Amino acid sequence: MFSGKQTKATFKSYLPPLQTDSKKSPQLPIKKLEAKLLPGEIVVNEANFVKKCISTESCQDGLWGKLVCTNFKVSFIPHNSLPLQRFQCTHRLLGEHDISLACVEQVVTVNDVKGKQKILGSNQKLKFNPTELVLYCKDFRIIRFRFDEAGPESAKKVCLAIAHYSHPADPQLLFGFEYVGKRYHGSTDETVNGVDPGGGLQTPLFDCSSDWDREIKRTGASEWRVCTINQGYFISPSLPEFFVVPVSLADQDLKQYACCFYSQRIPLWCWNHSSGSALVRMSNISDPLQQRKVEQRISSAIIKSHPLRSDVFKSDLDKNLPNIQDIQTALLKLRQICVIEPFEESEEKWLSSLDSSRWMEYVRTFLKHAVDVVYMLESRHVSVILLEKEDRDLSCVISCLVQLMCDPHCRSLHGFQGLIQKEWVMAGHRFLDRCNHLKKSDKEESPVFLLFLDCVWQLWNQYPAAFEFTEVYLTVLGDSMWVPVFSTFLFNCPRQRAEHSRDFASSKSIHLGQDQALRFPSVWDWSQQFSLKDQTLFNNPLYVGKIATCVQNGTVKTFTHRRSKKNYSSTVRGLPSAMRNGSLGPNDTLTRRNSLMLRLRSDLSQVREQQETPSERFIRDWFSRPVDLQALLLPQLLPSHLSVWKLYFLRWVPEAQIPQGGPITAFHKLSLLTDEIETLQSQLRQYNGAGCTPNNPHTEHSKMYFKVTSTPHQSPAPPEYLSSSFPFSPMGNLCRPGILGTPLSKFLNGAKIWLSTETLANETI
C-alpha cells in the first residue's frame, strides 16, 4: 500500500510568499494626509506609502506616510506619529518631519536591487526607479526614505522634484519672495503668527540714521558722524545707505576717494573704545597710484578722531587668517567625520581626523587674532583698521569678536543681535553666496558665519555667566540660515534685497506703497518661529548683567548684581584656581591630562619671560586678576581649552546623548532657582503694595523654561526626558551606522583630542 518511493509534491501556490520585515507591507487605515502649507506655498509633487527610517542601524524601523515636495520644504506626513516628546520645541514654519529645501545639501537616490545610486541636481534625469532617497542636510542631519511600497513613477517624480526645487536658478525663486508677497502684501491682514513684521522689534536694524546715531552716543564716539552719501546706493553697491565716518572727512572727499577702494567700499566705523580708540574696517585700495595718498588721508582723519591723537594700527586679515576656501574645506571634513563616515572602518583614526580637519585650529586662530586687536585698543590705546580685500568676510568675524570681548552690551541678547545686524547684514556679508542658497558655485560657499558662532560659543563656554543668551540660542540661530524667509540671511547686501524686492513686486503686480521694497521679516522677531514658552530657552539663568529690583522698607529699589570674583575661565575648566596663564601655584595639583603640558611650560618659564612680547604680557597680566564679567573678557587659547560644540555638531547622533546628563542638568537646576527667586520677588512686591497686581504679566510669564512647582523648597531630579541633546531629538534625523564603542563614543564621554608631547610643549596663548 505504501511504497518506499517518495512522492513528488504537486500542489502549487499562487499566493505571493510572505514578505520579510524589511519589506513588510504597511497595514494602514485609509486616512487623508495633507501637508500644512504657509502663505505662498504650493505642493509640487508627492508619493504615498513611503517609509521614513528612524533607526541608525538599519531601515527596518520607520514611520509610514506621505512624502511631499513643496516650493519651500520636503514634508513627511506620517499616518501615526511618534509620541511628541515633552521638551520638543514646535517650530511655527517647519513641522517635526519637515526639511527646508535650502537646508538640503545633497539629494541621493538609490536602487539597492540593481546596486545603483546617483546624486541628483537640478534638471537631471533618473534612469532607474529609486528604492531609497537619502537627504544630506546642511545642519548635519541625514534623512532617509524607503519606497518599497510606493509607486515607482511617483517615487521617481518626487525625488526629481526635490532635487530641482532645492537648486533654484534665481534668487526670486527662493520661497521667501512668495511667502512675503502673499503674506504681507496679499491681503489687508498685516500680521504673521499674530505679529506685525515691521514692529515690536527691540533689536536695531541699522537701516536708518537714527540707529547709527544711538550707537555713536552709546560708545561715546563724539568725533564720528553718520554719513548719508550712499542713499540710493549711488556710491557703493554693497555698503548700507547709512554708515559712520570721521567728522574731519567731508562728503566731497569721501565721494572722491570711493573710486580708489575695492567695490567703492569706503572705510566703515565699527566701534569706539572708552579710551577714544576706534575700530574701523576697510577694503583694499584698488588704485596703486593713489594708495599712499588715500591711506594717509584716511589714517589722518582717524588719528584726529582720537582724543590723544594716537597712531593707527593696520591689521591685514588676508595675510593672517584662513581664507573662505580653507574654512569650507574644514567644515566638509568635520561633517564627514561627525555624521557621514562609517566609524567601524576608521575608528582608530577618528580623533586624529577631528584634529586634521583644522576646524578647531581655525576657531583658535580667529580668537587669537581678535585678542591681538583687543590688546592694541585696550593696552596701546591706538585705533585699529581691519584690512581685507573685499571687507565682507573675515572682517565681519574679527570686528564682532573684538566687540564681544570688550563691550558687555554686545553680550546681551539684543546687543548681540544688533552686532550681527550691523557687522554682517548691513556691512554686506554675502549670505546668499556663502550659504549657497542657489547651489550655483561651490567656490563661493563658505560657513564663515557658522565659524563665528563657534567662536562665540567658545567664549560662552568659558564665561557662561557673562552672556544673556544660551547655547540653545546660538544653535537655533545657526539653523535659521536655512529657513529662507528672513531677510537677515537671504541676501548679499541691502541693495540686492531692495532690487530683487522691486523686481518681484513688479512681476507680481504687488503695490509697495511707501515701503519701496517687500517687507521681509527679520530673524530677530523670534515669534515668527517659536512660541513665547519656547523662546524662554534662550534666557541664561546665570547671566549677571540684569538689573534686579528689591523691596526695602516698603520701597522698590533697583540695583545691579555684584560680579563674581571667580575666574570662570579657570573654574569651568576644572583647572587650579591659582593657575594664571599656564603658571602653577605651589599648592596646586593637576590632572594627568594637563600635568605634562604645565610642567614643560614651567621648565621653560624663564626662557619664555625673556622672550615675552608686550601682547603676551598684557594677556598674562589680565589672567592674573579676578575677572569682571561686565568688563573685558579674554578667552584661554591653549588647544586644550577649546572644545567641540557638541550641541550643534553632534546633537543628531543618538550615541552622543547622555540621558539625564550633560549641561542641561545644570541648566535645569539653575532655571528652577532663578524662577523661584523671580516668584518670591513678585510676591514680595505684591505684599508691600509696590504696584504689582496678580494680573501683572511678570507673575504670569516666567523668563525661565523650567519652573518651580507648588513646593519650591524641594529640589526635584531632572525630568526623565532630558538629555545632553536637549531640546533636539536624534530620532529619525541621522540614519547611518552607529558608533558605539568607537573613539567618538569615548570622546563624548570626556576624552580629549590627543596631542603629541611636542605639541604640548609648544602650546602658547
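**Exercises on cysteines, a tryptophan and a lysine patch**

The structure holds zero disulfides, a disulfide being a pair of cysteine sulfur atoms within 2.5 Å. This is a predicted model, in which local features need pLDDT of at least 70 and side-chain atom pairs count only at pLDDT 80 or more, while totals for chains, interfaces and linings use all residues. Residues are numbered from 1 along each chain as its sequence is written, and side-chain values use heavy atoms, with hydrogens and water left out.

**Exercise 1.** Explain why Cys-259 has no bond to Cys-260.

Solution. The closest cysteine sulfur to that of Cys-259 belongs to Cys-260 and lies 4.2 Å away, which is too far for a bond. As for its surroundings, Cys-259 is exposed at a relative accessible area of 55%, whereas Cys-493, at 12% relative accessibility, is buried (buried means under 20% relative accessible area, exposed over 50%, partly exposed in between, with a 1.4 Å probe and protein chains only).

**Exercise 2.** Locate Trp-622 and decide whether it counts as buried or exposed.

Solution. Begin with the element: Trp-622 sits in helix 21, residues 614–623, where helices are DSSP runs of H or I with at least four residues and strands are runs of E with at least two, numbered from the N terminus. Next, its relative accessibility of 6% makes Trp-622 buried. Finally, the C-alpha atoms of Trp-622 and Leu-633 are 9.0 Å apart, with the two positions eleven residues apart in sequence numbering.

**Exercise 3.** Place Lys-114 and state its exposure.

Solution. Lys-114 lies in the loop that joins strand 5 (104–111) to strand 6 (116–120), and, with a relative accessible area of 55%, Lys-114 is exposed.
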